[in-house]
Every structure is written in C-alpha cells, then in structure tokens.
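Let's take a walk along the backbone and stop at the spots where its geometry does something out of the ordinary. Keep the viewer open as you read.

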Amino acid sequence: MNGIPLLTLLTVLPLVGAAIALLSGRHARAVALVTTLAALALALLVWTKLPSDGSIGLIERTAWAPSLGIEYHLGVDALGALMLVLSAIVTLMSVDAAHRVHKQPGLYFALVLMLESGLFGSFTALNFFHWFLFWELSLIPAFFLIKLWGGAKRGPAATQFFVYTMAGSVALLLSFLAIFLATGSMDFGQLGEMANSGALDKAVTAHLGPVMMTLAIGVLAGFAVKVPMAPFHTWLPAAYAEAPSPVTMLLTGAMSKMGVYGLLRIALPIFGHQIAQIRTPLLVLSVVTVVMGAWAAAAQKDLKRVFAYSSVNHLGYCLLGIFALAVPASGLAVQTSQAAALNGVILQMFNHGITAAALFWFIAMMQERSGGERWIDHFGGLRKPAPVLAGMMGIVLFSSLGLPGLNGFVGEFLIFRGVFPLSWVAATVSILGLLVTAAVILTVIQKVFTGPVPEKWASFPDMHGGERLAMAPVIGLMFLLGLLPQLVVDSINPTVMNLLAHWRF
Amino acid sequence: MFTPQIAESAASGILWLIPALPIVASGIIALLKQPMRKLSATLAIGSLSCSLLLSLFAFGHVLVGWASGAAVRETINFTWIRVGTAHVDLGWILDPLAAVMLVMVCFVGLLIFIYSTGYMAHDENFTRFFCFLSLFAGAMLGVVIANSLLLLFMSWELVGLTSYLLIGFWYQKPSPAAAAKKAFLTTRIGDVFFLLGMVWLFAQTGTLLFYNAGMGSMEALKLGGLLATPAGLGLSAATVIGLLIFAGAAGKSGQFPLHVWLPDAMEGPTPVSALIHAATMVAAGVYLIARVYPLMQAGVQLSASGEAVGSTVALTVVTWVGAGTAVFAALIAVAQNDIKRILAYSTVSQLGYMMAGLGMGGVAVGMFHLITHAFFKSLLFMGAGSVIHGCHEEQDIRRMGALKIDMPWTFITYAVGMLALCGFPLFFSGFWSKDGILEAAQHWSVAKTPFYLLVFGALLTAFYMTRQVSYVFFGNYRGHKEAHESPPVMLLPLVILAFFAMGLGLVGTPAWPWFRAFLEGHAAGFGFAGFNEPGLLAVMAASSVVVLLGLVVAWRIYGNKPIKAEDPDALEHAMPTIWTLLEGKFYIDELYGATVIAFYAWWAGVADWLDRRVWGGIVAGVAWLFREGAQLGRLFDVNWVDGGFDKGCEELATGGGLMSRIESGRVQIYLRLLALAVVLLTAILIWSSRG
C-alpha cells in the first residue's frame, strides 16, 4: 500500500454520499450528482495509476479475520479499473437521467449510491468473502429501486430478480465454502495459483471427493444468472422493463458486467480446466444467448423489453468470446486468437455498458414526453417533431447495431476475430445474431421515427439544451472509442496478456 | 513489365485528405441550422472540389510514373490497435486502380452535387441532404483508398449507412422508410459473410493490409499460405475466403439473389439514385473484387507470358453470378413502367456485366465497364430526374411521351446515354467496354454459356432502352400538366456527362488499349494491329448486329405510336403470361416474403414463446415450490400474516417507514429460507469433509 488508499476511498465515497443524500430530501439529486462526479474523477485517477505491465496494482491488503481466510485485499488491473470507470460513468448518467423522482428522492438516490458502492467494491475485491459481500450489497438496493419506484408489474419483477440472482449467489457461495474448507484460502490470486499447479484439484478431491466439476458449475451458475446466459435470463426482461429507466441503465450498463467480470476474475483463473472440459455445451449456450436473444427482441412490442433482450444478445458475444478462448494454448496462432477475443470481450463490456445505458436514457426521455408510453406501435414519425432526439438516439442505436466508426464495432470485430479460428461453427452461427439485431434496431427506427406523425405526437417536445449537453459527451465517447480504440486497448492489452499467461485450461 | 514504385511520395502522403475533407464538411453541415442552405451546399461542393483536385494530383502522379515506366503502388500503413503480440493495421494505397476510381467518384460526385442544388432546391431538408451526401462521398472515397480490408469494410459500412439515410430521406412517407431498411438489411446479409471472410483472412495471414512490402495479404507469400490451407470440400482457404468476400460484394452490387433492394432504393431522391445506386456505391462491390483480385485469382495457371490460363473456382462463381444477373435483370427491365425502376434493373444487369468481366477478363475489363457505366448511367438517372421534374413528379413512362419537343436538351443527352448503355457501335463508350467483356467471354476456357448469356443481355438492353425512350420522348404526350425543360444548373451536368459517355471509349479501344495498359502497368501501343486478334472483329460485328436488332425491333413495336396511357403494353398483348412474370420481377420479393421473412417472424415468435412458456414455466414451477414452502413457513412464523404473493410486496411498497418495510414481507421469508439452506448445506459439507 502506498500513500492514499484510493480504492477504499472510491468505495466509501458513494456510501458517504448516500448517507448525506438520505438526509437532504429534495436536494438529494444534487448530492448524488456531486458524489458521482467525484467518483468518476477518482475512477479516472485510478485508471491513470495502473501498472504498465498489466498486472494488478493499487493493492491494499490487511488482515481481517485470518482464521477464516478473510482478508481485506483490494487491487485492480486494467480490467477492474475499466469497470470502475464504466460504473462511475453509468451511475452518473443514471443520476442525471433521474430528474423526475418525486417520491422519496432522498431514499432513491441513497440507494443508487449504495449500488454504486457495491459495484466499486465488487470490481476491486480480491478476496472471496469481501467480494461476495459487495456482490450482494449491490443486489439489495437494486431490488428496492425496482420494488419501490418501478412500473405496474414491479412486484413480481423485483421478486423474480432478487430470488433468481440470490439462487445463483447461493450456488456461488456454496462452491466457495467448499473450496475454503479444502484449502483454507479465499484469496483469488492464491486460489488461481493453486489451480494452475494442480494443488487445488488435489486438495478438493482429498477433502470432498471428485467434486471439482460440481463446484465449477456452481460458480458458473452464479455468473450465468447475473450476465445472463440463456436459459437463466428470464428474470431480465421483466426486471429491465419494470425498473424505472434510470435504474435499468444501472442494471444493464453496470450490474450485468459484474457477471462477465466474475467469469474473468474468478471462474476462468480458478476453474479454467473444468470450463475447458465443458466448453462445448457452454459455447452452445452462448450461441443460443446471442441468437435467441436477438430473435426474442424481434418479437417484443415494448421498447424496454426490446432493448432488454438486445442486451442479452450483446452480452452473449462476451460469453462467446470467453468460452471460445477456453482451450489449451498451443502456439502463437491460438494465443493471438485468445488475446483478440479477450480484448474484444473487455471492450464489449465497456461499450455495451455505455451504449445500453444511453439507450435506456433515451427511453426515459421518451417516456417523460409521452406520459409513460413504451409500446413501439404507438409511436411514429417522431423525427419530424423531435429531430435532435431522433438524430442522437439514431447514433446510439447504430452504435448498438455495431456500425464501424462507433464504439460497438471494435469489440464485436475482435471477438469474431478471436472466436472464428477457435470455433468457426460458433462464430458462423453467431453472425445470425448480428443480422437479427440489425433488423430489430432498424425496425425500431422505422416504427418510432419514420412515417407520418400521429396527431397526438405532433408537438412531441425535442431534447432541450440541458439534455443535449448531457448526452453530447456520451455520444462523443462513442465516436472516440470507435475511431481511436487504442486509447483503451493500449491499456487493456497488457492485462489481457497477463491474464492469459496465468490461465490454464 | 514496369518496375514497381512503392516509396511514399507527396501524392500518397496527402491521400487521406481526399475522404477526410467531405467527411469534415459533413460534420460541419450537421451542426448547421436548416435555413443555412447556401452555406451547406457551398461546403459540400467546395470540399468535394478540393478532393477532386487532390485526386487529379494523385492521378497525375501515377500517370507520370506510368509514363516513365514505373508501376506505382505506394502505401502508407500504420498500426491501429495491438491485441496480444499481433496488431491490427490500417493504411491507404495509391495505385492506378485507386487513382482512376478516385477521379471518377470525385468528378461524377461533384456533377451530381451541383445538379442536386437544382433538384432539391425546394426541399425543406436541403441542408440535411448535403450533410448525408458529403458523408457518403467521404465514405466512398475511403473505400477507394483503403489498403486494409478492415478500413475498406469500415468505410463500406459507412457507405451503407449513408445509402440507408438517403434512400429513406423522405422519411415521412412509409415506402422510402421501408425501402431504406430493406436496402440496409439485404446488403448486411452479404456483409456478415464479408465479415467472416475478413476475420478468417486475418486469422490465416495475420494481416488485413493488401500490400505491405511483400507481407500483405494480397501478395505472393501470404496467398501461397492460403492456397496451401485446406478448408473442406476440396477447396482452399483462399477460395472460400474469396467467396465470402464476394458475398459482401454481391450484396452491395445488387447481384442475384441479393438484388432485391436496389430497385426499391429508387424511393430515394433521384440525385441519390444517380450517385449512389448507379455510379458509385453499387460499383463498390465490383471495385472490391478488383481490389482483392490476387486472392480471387490465387492458384490460377499462368502461361509463359504471364497470362492467366483457365480460371479459379472463385472467379468461376463470380462469372456465373454476374452473367446470370445480367440477363435476369435485363429481362425484368423489359416489363417495367417506372422510369427509374427500368434504370435500376438496368444497373443490376450492367453490374452483372462488370462482375462477369472481372471473372473472365480480369481487372481492367471489369473496371473499364465500371468507369464508362458510371458516366452514362448517372447521365441517364439525372436525365430521368430532369424528366420527372419536368413532368411534375410523374415517374410512370406511360404518362409521358413526346418530351423531345418540350425538353430538347434532356432528350439529346438522354439519347446519348441510352446509346452508350445499349453499346451502340463505335461512337459510344459503352460499346467498347461491353465489347471487352464479350471478347473475354468468347475466349473463356471454362464454358461458352456466359458469352451467349451476355450477348442475349445486350439484345435485351437495346430493346428495353429503346422501349423506354420511345415511351418517354416520342409518340404523344399523355401527362396531366404541361412538361417544361429543367433549369441550366441541372442541364449543364447532363451535357458534361454526355460528352464523357461518348468520348471515354477512346481510352479503351483495341487500337489504343490505354486503360488496360495503365491498370496493368505496361506500355500502351497505338496501332490498328490490335484489331487483328483472333475473333475480335467477329465479336464486334456480332455485338453490333445484336444491338441494332434490339433497337430496330423495339422501335418497330413502340416507336412513335400514338397510344393511351391506359393501353396494355404491346408485348403484354402478345404474350400475357411471360409479361406477367417479368412485370412481377419473377416474384422474388414474394418468394422471400414467404420464406426468409416469414421464418424470421415465426422464429421470433418461437424465441418469445420459449422464454415465456418453457423457461418461464420452469421458473413458475420453482416459484410454486417456494410458495408452498412459504405456506409451510407460515406455521412457524407469526409475522407472516397474509399468504398472498403480491399482497406482501404491496405492503412493502406502501407500508410505513423504511425499517418497518424491511421487517415484514416476503423478502424476509426468502432470505430466511436461503439462509436455512446455506446453513444446512454448509453443515453437510463440513460433515462430509470429515469423512
């Protein structure tokens, strides 16, 4: 630990903000804005302080409950730091979007900030206990945000969300308890090394019998629900649709990345060998996630459900890249493909976070202007009364479609570049997802923005100055990352190399 | 053979400015307010003029090199991103192929920009139009200068986007919006295969640069590796990658079976049809194949003199698709009545000729037709625009007629374009470029059928163009309001293009095959000995006879006849069944509607059903178990008052303070159950670990 404990500071900051927000009533949003801005600044500071070799830096480590293997152990590499930046940006966007919370704003923004703290904690923790605490901590505010501020069917949606994720968490917890019993350690780094040397397998087998694969599946189940991976995704459309749109921004923009992050930080280092053994069924499920996610989006009539399923599809590409690269490395060609896929996955996590959050922000604006209307067929011709909204949302939609020049393309290109040589069948079937997503998005544009303007939308208000100003940097970021992805890739590539060097399949 | 010149020069150094200027202009125009029409048009035209000057400079540089015996192929490459130890490179290239295409795109584009200031003068979204048009020009020029398949693909998709935006320009009408979506999605079908081909090429060769001092993917070393890699079915990786890339080209260039979007794209403003859907974007597919020609041709046998003998699988496929599309689309064009749709099917057909020319005769043959076609087809489209304008937005040729009197300038220039398209002997560029393709087809060693197909296509071309011109310019006027000639700003580009539609042929005659010599990097001799090649004169004679036959027959049927707009077509009268089939475009759209689109909708329903019923059902089952568990828990828990599932949740939402909310309700139960489960399972684990 050197000097200021930046990561602890970053995690505590939103909690302090939450406490203040809870007491400041109507001014809670201002408090939240200040807090999230400060958090973003801190997260960017963390990003600049990463070690250049891609290893884990900014380490904070103190004993906590040594007899239980629990340590206070924080640290980030470029993967973790990028997720911190993403969480900070998405939370800021979400707070910015939530300017119409009239019911208990203090509580609302306190919960949002608690959620942010949970995100920060889970993206920095390197000890299972500590990590799990924050993983669950982020779940509780999300539950109440859906439950108390959600749409008409919020009750069942929130419960389903909670129970589903909880069930996944229990599976995760049990697997790690078993590992702790066998090894006496909860440290990710240590467990990863033991897995590489084969000591983990031996210890688990000696204590519990041949259950390594069962434990791996337990851990995967926890993450599969969170990401989500088909068929564990059914909680998602309801939760995304019923949550207030700013909360959906958080769910899709940041929380869904917790699952992918967990796969990269926890599942692959510790259970790489087991994952490689069941790679084929996992790839099949990933392809199903990509293709059926896109197709299910095509069947939806509710804008929020369309983009909920579209999120499933986009995160499916992450799963595809992750499971495709789980092959024993043999030679430079395979390593290059693995590196391409992993770079792509990490970029896709970030890009999807930004783009999906922006999309739900636009949906929030449209709901405000239309009295909560979400049905696609009820809109039409909006480009005429609201050209700026149509133009800006159009850019974001094309980013989601994966148009080159915008951020979405680079990640998808690198994932396909990596996956194709490793599993050409999976890559080839998954391109169907690219096609169907394009059809879905263009259908949304066609039905919402083109055609004659219905009478009731004739004076649909366009985006006002403040909204334009808020959205402009987000769209600027999309162009920036689409044209100069090296700004991010230069930092994540060393981490990718570092991660791959430590994984054994 | 000329000596290669690959060192960077001032000309290749500034090449990136050529696409960058219009893109920057487009960005500025995007920020302008709607009433700033003049400024937006000035910016667009000004930036493209600069691009044209720079293109001419680059072209001059290549030409000077060529004249001094150097085959210019200057590239500037740079690393975009690093992944692992590999890197993704981008770059641009200046060679004769790029230089010719640059000048053509800038020149034709500029004329169409100028024409648009007249054509779109009364449109409320004038500024937006020039914003999109500029963006298109920049993206298209990006395709042209790309020395990296990735950069080409990125520009290619951007071109697709602008095409989408411009087809759907009149977005308040449902039909342009639908046509725009159809165009984007149909071309995207080709593009996803293109993407696969690209990632495969990247994985195999480790680079996406075309040329990189011997290490590029289009150079011998990497091509050899691709040829040696089997890809199943007895094909090499080179062949399969080539075919995947061709799928992308077929989508963009409207080749069968992905041609369906191009006729619908005529819903866009006519200058857009001229620029994007006739001269440039649709030719991008042809250009792409010309650019990756070494890959398409990889493994072909070479004769002692370096000429290709025989063909490759990839080029054979290109040829058959091209020749088939050429006839197929020409047949449909015979039975259409919309002036722009006739031209659209004609474009599809001519793109087929270009593809077939590439497949059988090589880059120079296909590219020459691309260049001449760009001039005469944009001339025809802008002429059609002038006609539509003059007839008060009428597009049905049955409601026109006798316009040669009211619109003399349009008529004369249109006639030039029509004769060039038909390939009228000697004085029109289309004759020489089409002749090159026919000659190559005649010598093709694989099969003779494409030759006959293309000759038949030439007959049909002469026929449908004569039919169209007879309907539009001869006979009696059948419109509602009196027609008027277009303003000079629209006529001037027509006259300039007409000049080129005739004169361009001079650079590609057998007497002086300059175009081929320039592209292929050898000296161009002048002399009539070129005509002595075996079979050449016979092909020329045959094509002339066929063209004249088409003209005469069509004139006998349609020429100068006083008819009524409601009358059935003469051919419809003669053979109603065939006419219905052709007028219905062979019902390909209906076929797709009943298969692909129906499957898409049905499968979306299946995906939704799976989610709601099957997976959702399982979840509901689990929830039911939980509910029963909760009923059980009721016995132990006095806090649990009401067993209703949602009732507890509602309480949670509407109850008193926050703390009391957390104290009661269902979540409590779940947490308890989960905690109980965890404790039990932990106990089991600990117990089992002892044993």
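**Backbone oddities, loop by loop**

Start with Pro228(A), which sits in the loop of chain A that links helix H9 (212-226) to helix H10 (235-242). Bear in mind that this is a predicted model. The peptide bond between Val227(A) and Pro228(A) is cis, with omega at about 0°. Stay in that stretch of chain A, since Pro231(A) also belongs to the loop between H9 and H10. Here the bond joining Ala230(A) to Pro231(A) is cis too, again with omega of about 0°.

What makes these spots worth a stop? Most peptide bonds are trans, and most residues other than glycine have a negative phi. That second habit sets up the next two stops.

Still in chain A, go to the loop between helix H3 (78-97) and helix H4 (105-124), where you'll find Gln104(A). Its phi is near 45°, so you're looking at a positive value in a residue that isn't glycine. Is Gln104(A) buried, exposed or partly exposed? It comes out as partly exposed, because 16 other C-beta atoms lie within 10 Å, and that count falls between the exposed limit of 12 or fewer and the buried limit of 20 or more.

Now hop over to chain B. Leu426(B) is in the loop that runs between helix H18 (408-422) and helix H19 (429-443). Phi of Leu426(B) is near 65°, another positive value in a non-glycine residue. Leu426(B) counts as exposed because it has 10 C-beta neighbours inside 10 Å, and the cut-off for exposed is 12 or fewer.

Terms used
Residues are numbered from 1 along each chain as its sequence is written. Chains are lettered from A and ligands numbered from 1 in the order in which they are written. This is a predicted model: local features need pLDDT of at least 70, side-chain atom pairs count only at pLDDT 80 or more; totals for chains, interfaces and linings use all residues. Helices (H or I, at least four residues) and strands (E, at least two) are DSSP runs, numbered from the N terminus.
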